[in-house]
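User: I have the model open and want the reasoning behind its labels. Take me through them one at a time.

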Amino acid sequence: MNSFQKILSWIVTPIFVVAFFSTLCIFHVAQVIGLKLFGYKGHKKSVDYMIFWLMQALYTLGAKLPSSKQPNLPTDRPILIVANHQSMYDIPAIMRVFKKYHPKFVSKKEIEYGIPAISYNLRHGGSVLIDRKDRKQALTEMTKFSKYIAENNYAGCIFPEGTRSKDGKMLDFKPAGLLTMFKAMAETPPIVVPVVVDNFWRMQRYNFKPIPYGIHYYLKVLEPIDMKVWLEEGKSSTSLIAETEKRIKEALEESRK
């Protein structure tokens, strides 16, 4: 950043922080009320509104948001969203695009509590929290989560890198989680949807001190892969993971040209 951009970034960062945490606090209460009074539908509606306002908060940073156009996917099949991971804002960005497919996430257990609205949604919205230090717990919970996604024809989302990229460079996929999900969903093979995000890493580049002004955030939904057709063609689950990783890497490189 040049000096002017840095000054501007320091001016708008506190405004964003207030907007961000105000949204979380308001919609934490809204989620609790929605869930208790109206069940799953009420909770989801409050989460959808929360995601909308979290994305709107980025405008205080002079950001350009990615398209929110919904992909044309079936609603009578489970969907598996596979994406690269760059920041905490990858999640609301993906939720905004896949809203009608009821996206649920594979997340780390460390954020089960402590973050208003976010932690509550992870605990009560159908996502799964895994202990990355406990392989048995992680695999057991991933299996339960996958079956839940398959039974309800929801969209499950996983970041196979295992952690976010701090410099935007995509990390190699760790296949264990995806293989577990594929195995658990064998009777109802999902439609695998590769998603590439970029420039979200810039948000946390300076550990929020400050958040750079004027970031152009990027999200693209790539061509889906029907796992059922893939396997019927004699291809393996491992090769499906490799193909998905390849497509995301290529799309990430293309976005930077």
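Analyst: This is a predicted model. Start with one helix pair: H1 passes H2 in a left-handed crossing.

User: Which residues make that contact?

Analyst: From H1 come Val 47, Ile 51 and Met 55. From H2 come Pro 92, Ala 93, Met 95 and Arg 96. They divide into 6 nonpolar, no polar and 1 charged.

User: Why are H1 and H2 called oblique to each other?

Analyst: Look at the angle. Helix H1, residues 3–57, and helix H2, residues 90–97, pack at about 120°. Roughly perpendicular covers 65 to 115, and roughly antiparallel needs over 145. The angle of about 120° fits neither class, so H1 and H2 are oblique. Their axes are 9 Å apart.

User: What makes H4 oblique to H5?

Analyst: Again, the angle. H4 and H5 pack at about 45°, with their axes 8 Å apart. Roughly parallel requires an angle under 35 degrees, and roughly perpendicular starts at 65. An angle of about 45° falls in neither class, and therefore H4 is oblique to H5.

User: What is the hand of the crossing of H4 and H5, and which residues meet there?

Analyst: The crossing is right-handed. H4 brings Arg 135, Leu 139, Met 142, Thr 143, Phe 145, Ser 146 and Lys 147. H5 brings Ala 176, Gly 177, Thr 180, Met 181 and Ala 184. That contact divides into 6 nonpolar, 4 polar and 2 charged.

User: Which residues of H5 are buried, and what covers them?

Analyst: Helix H5 covers residues 176–184. Its buried residues are Gly 177, Leu 178, Thr 180, Met 181, Phe 182 and Ala 184. The cover includes helix H4 (135–152), helix H6 (227–232) and helix H7 (237–255). It also includes strands S1 (79–83), S4 (155–158) and S5 (191–198).

User: How do you know whether Phe 173 is buried or exposed?

Analyst: Compare its relative accessible area with the cut-off. Phe 173 has 8%. Buried means under 20%. Phe 173 is therefore buried. The residue lies in the loop between S4 and H5.

User: What is Phe 173 in contact with, leaving aside neighbours within four places in sequence?

Analyst: Phe 173 is in contact with Val 82, Pro 160, Glu 161, Ile 241, Glu 245 and Ile 248. As for Lys 147, 26 residues away along the chain, its C-alpha atom is separated from that of Phe 173 by 22 Å.

User: Why is Glu 245 called buried?

Analyst: The test is the one just used. Glu 245 has a relative accessible area of 15%. The cut-off is under 20%, so Glu 245 counts as buried. Glu 245 is found in helix H7. Beyond four places in sequence, its contacts are Met 170, Leu 171, Asp 172 and Phe 173.

User: What is notable about the phi of Ala 117, and is the residue buried or exposed?

Analyst: Ala 117 has a positive phi of about 70°, although it is not a glycine. Its relative accessible area is 0%. With the cut-off at under 20%, Ala 117 is therefore buried. Ala 117 lies in the loop between strand S2 (103–108) and helix H3 (118–124).

User: Which backbone features lie in the loop between S5 and S6?

Analyst: Asn 207 is found there. Asn 207 has a positive phi of about 55° and is not a glycine. Pro 210 lies in that loop too. The peptide bond from Lys 209 to Pro 210 is cis, with omega near -5°.

User: Now the whole chain. What pattern does it follow along the sequence?

Analyst: The pattern is α-β-α-β-α-β-α-β-α-β-β-β-α-α. The chain has 7 helices and 7 strands.

User: What makes the chain as compact as a globular protein of that length?

Analyst: Set the radius of gyration against the globule rule. The chain gives 18 Å. The rule gives 18 Å for 257 residues. The two values are close, so the chain is as compact as a globular protein of that length. Along its principal axes the C-alpha trace spans about 55 × 50 × 35 Å.

User: How many of its residues count as buried, and what share of contacts join residues at least 24 apart?

Analyst: Of the 257 residues, 48% count as buried. Among contacts between residues at least 6 apart in sequence, 74% join residues at least 24 apart.

Terms used:
Residues numbered from 1 in each chain as written. Predicted model: local features only at pLDDT ≥ 70, side-chain atom pairs only at ≥ 80, totals over all residues. Heavy atoms only, no water. Axes fitted to C-alpha atoms, helices over the stretch in contact; angles between N-to-C directions. Helix = DSSP H or I, 4+ residues; strand = E, 2+ residues; numbered from the N terminus. Left-handed = near helix turned anticlockwise from the far one by under 90°. Contact = heavy atoms within 4.5 Å. Nonpolar A, V, L, I, M, F, W, Y, C, P; charged D, E, K, R; others polar. Buried < 20%, exposed > 50% of the residue type's maximum accessible area, 1.4 Å probe, protein only. Rg over C-alpha atoms; globule rule 2.2 N^0.38 Å.
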